[in-house]
Amino acid sequence: MSTTPKLPFELQPRETVILFARRHWMYLAMQVGKVALLGIVPAAAVLIAAGLTVGLGDTPGRVLLLLSTAWLIYWAIRTYFAWYRYQHDIWVVTDQRIVDSLKRHWFHHRMASADLVDIEDIAVDREGLLQTAFNFGNLRCQTAGEQPNFILAGIPRPSAVLGIVDARRDAARRELSGRT
């Protein structure tokens with residue numbers, strides 16, 4: 001039984017998955033934290049203020065209750081799509097290429113692919129306390145193709161992923177040149 005989830009693309013003949021990754025879980029935690037601050041706190045403050053002043057039983061209180069409920073529903077939907085994007089923002093390294101697949105919502109899908117032999121330079125960017133403490137950051141791959149920079153943003157263990165991509169790139173180049 002494979003541990004790799006269903007891929008949003010077909011593998012090429014004799015292509016095998018080396019690495020499947022998505023953003024670090026801290027990305028989702030930060031999105032949910034933003035929802036807590038921007039969604040729940042203002043709604044609670046309005047309801048507390050309304051309860052202390054006009055009350056929630058009369059018409060003004062009911063209007064504020066309705067508006068706060070609509071506000072919370074809006075932020076619940078935003079939370080769902082943050083989770084959806086987290087689940088559908090994936091990177092796959094195979095023995096032939098690197099693929100970046102992103103679905104922001106049900107009607108959006110962006111996918112980019114770069115052959116490993118086209119990757120020229122690889123760099124890791126990890127800045128700040130959270131990225132250092134939780135070991136996540138950005139992996140930048142400069143390619144010779146149309147898309148000059150291939151960025152795996154917020155990836156866990158970026159230095160380890162750099163080692164995997166670098167080793168697979170070198171193996172792909174040796175195979176292309178006929179050496180093993």
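Arg23 counts as buried because its relative accessibility is 14%, where buried means under 20% relative accessible area, exposed over 50% and partly exposed in between, computed with a 1.4 Å probe on protein chains only. The structure is a predicted model, in which local features need pLDDT of at least 70 and side-chain atom pairs count only at pLDDT 80 or more, whereas totals for chains, interfaces and linings use all residues. Residues are numbered from 1 along each chain as its sequence is written, and side-chain values use heavy atoms, with hydrogens and water left out.

Arg23 is located in the loop between β1 (17–22) and α1 (25–52); helices (H or I, at least four residues) and strands (E, at least two) are DSSP runs, numbered from the N terminus. Leaving aside residues up to four places away in sequence, Arg23 touches Arg85, Tyr86, Asp89, Trp91, Ala153, Gly154 and Pro156, contact meaning heavy atoms within 4.5 Å.

An open sheet of three strands, with antiparallel pairing, follows the order β5-β6-β7, and two strands pair if DSSP finds at least two bridges between them. Because β5 (119–125) and β7 (149–156) stand at the edges, each with a single partner strand, one side of each is left without a neighbour in the sheet. From one strand to the next, the twist averages 15 degrees, with axes taken as lines fitted to C-alpha atoms, for helices over the stretch in contact, and angles running from 0 to 180 degrees between N-to-C directions. The antiparallel pairing of β5 with β6 (residues 136–143) extends over six bridges, and Ala123 stands opposite Arg140 in β6. Helix α4 (residues 158–177) lies across β5, β6 and β7, and runs at about 170 degrees to β5.
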